[in-house]
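Hi,

Here is the structure I said I would pass on. Have a look at it first, and then read my notes underneath.

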Amino acid sequence: MIIGNKKINPPIIVAPMAGITDYPYRQILREMGVKLIYSEMVSSKGLVYDSERTKELLDYKIRDNGYINIQIFGSDKEYIIKAAKIIEKDYKPDFLDLNIGCPAPKVVKNGSGAALMKKPKILEQILKGLKKELNTPITIKIRSGWDKNHINAVQIAQIAEKTKISAVVIHGRSREQFYSNTVNYEVIKEVKDSVKIPVIGNGDIVDIKSALKMYEKTNCDGIMIGRGIKGNPWLVKRLIKYFDDRIYLPKPSVEQKIEMAVYHLEKAIEYYGKEIAVPKMRKHISWYLKGLKNSTYVKDHINKLNDVMKIKSTLYQYKKDLK
Ligand SMILES: Cc1cc2nc3c(=O)[nH]c(=O)nc-3n(C[C@H](O)[C@H](O)[C@H](O)COP(=O)(O)O)c2cc1C
């Protein structure tokens, strides 16, 4: 798959996930071999007003031979373009993405995220403006539509193609569905059939089987993985190995999961410092331990700890107990 003039092979992409795909986790995902990774979404207004938190979201140092797509959200053309120009100048990403899929009430109430799907004319103006003012290839990430009576992903993808957008990611659910029900593969296929630019299928890819299903049902050019990587960065490595060589790598062992939890904690501390890293890491540690024997007790215990040494020793003791 080629986006802009960059080759993304195999076309396996890690989704933007606010609060999850931060800099420390992106480093781990890079180590697993992922070529294209998105930043967490960044507010265009926050960026224009110079918010520190927004800048932290943009941080990336490790690029290896990989690519970064920085995603912005907003509703106002002027702010979106100003923010995109700041990103282009100061961060020089490989791609810039506009979020047209976020369902969160606080985002859509301002006309941003999935709410932009309801305003195709305004969206067209924003995309035209971005193309006119920037050199970085622009991509968009959309949903199937606003609700079941307004499924207009094809219309939005065609606007994207017309305005020279480089690729469309489509999550096969409407805004109304948030993350419920199953993915609508049919609408992803319709989008794929309606444009020539690369179409990336997204939704419910959690293993090789579901990745193959996305390809088979939609004929998409690439796939994007979101929640499947929670506590499971190995998923990208397994998918890449499968699509490169048709080889099924073994699933991570219990020991590897616990060691990864510790490694991830260390990476987070290195980046944020202990005070910020520990609370941020609680959810990640829970995800690494999910489904392991007697893990509920260990997770509850870790959730009460603030001392890094104690968290690590609890994890190491648990690893011993499991043996
Ligand atoms: C916690 C969380 C945060 C997310 N943050 C973003 C975001 O910042 N930008 C975005 O476009 N999508 C965001 N998404 C949506 C995902 O990128 C993806 O489209 C969605 O989870 C469906 O894919 P999946 O079934 O593989 O998880 C988020 C999803 C979750 C669960």
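Below is what I found, going from the whole chain down to single side chains.

Before anything else, please keep in mind that this is a predicted model.

**The whole chain**

The fold has 14 helices and 11 strands. Its radius of gyration is 20 Å, close to the 20 Å that the globule rule gives for 323 residues, so the protein is as compact as a globular protein of that length. If you want a feel for the dimensions, the C-alpha trace spans about 60 × 45 × 40 Å along its principal axes.

As for the inside, 57% of the 323 residues count as buried. I also looked at contacts with a separation of 6 or more: 69% of them are accounted for by residues 24 or more positions apart. On the outside, the accessible surface comes to about 14,900 Å², and carbon and sulfur atoms hold 50% of that.

Then the charges. There are 58 positive side chains and 36 negative ones. The centres of those two sets lie 2 Å apart.

**Helix α9**

One helix I went through residue by residue is α9, which covers residues 208-218. Which of its residues are buried? They are I208, S210, A211, M214, Y215 and T218. These buried residues pack against two helices, α8 (185-194) and α10 (234-245), and against two strands, β10 (199-202) and β11 (222-225). Just after α9 comes N219, and its phi is positive, near 60°. Worth clicking on when you have the model open.

**Salt bridges**

How many salt bridges does the count come to? The number is 13. Here are some that I looked at in detail.

Start with K6 and D94, whose side chains meet with 3.6 Å from N to O. K6 sits in strand β2 (residues 6-7), while D94 is in the loop between α4 (77-91) and β7 (95-100), so this pair ties together parts that are 88 residues apart in sequence. The two partners fall into separate classes of exposure: K6 has 21% relative accessibility and counts as partly exposed, whereas D94, at 8%, counts as buried.

Next, K85 and E133 form a salt bridge at 2.9 Å, N to O. Here both ends are in helices, K85 in α4 and E133 in α6 (residues 120-133), so the pair ties together parts that are 48 residues apart in sequence. K85 is partly exposed at 39% relative accessibility, and E133 is partly exposed too, with a relative accessible area of 34%.

The third pair takes us back to the surroundings of α9. K192 forms a salt bridge with D221, and their closest N and O atoms are 3.0 Å apart. K192 belongs to helix α8 and D221 to the loop between α9 and β11, so to speak two distant parts of the chain, 29 residues apart. Remember that α8 and β11 are also among the elements that the buried residues of α9 pack against. Is K192 buried or exposed? At 16% relative accessibility, K192 counts as buried, while D221, at 26%, counts as partly exposed.

Finally, there is a network rather than a simple pair: E124, K128 and K162 are linked to one another by salt bridges.

That's what I have for now. Shout if you would like to go through any of this together.

Cheers

Key
Residues numbered from 1 in each chain as written. Predicted model: local features only at pLDDT ≥ 70, side-chain atom pairs only at ≥ 80, totals over all residues. Heavy atoms only, no water. Helix = DSSP H or I, 4+ residues; strand = E, 2+ residues; numbered from the N terminus. Rg over C-alpha atoms; globule rule 2.2 N^0.38 Å. Buried < 20%, exposed > 50% of the residue type's maximum accessible area, 1.4 Å probe, protein only. Contact = heavy atoms within 4.5 Å. Areas by Shrake-Rupley, 256 points an atom, 1.4 Å probe, with all protein chains shown as cover. Lys, Arg positive; Asp, Glu negative; His and termini not counted. Charge placed at Lys NZ, Arg CZ, Asp CG, Glu CD. Salt bridge = Lys/Arg side-chain N within 4 Å of Asp/Glu carboxyl O.
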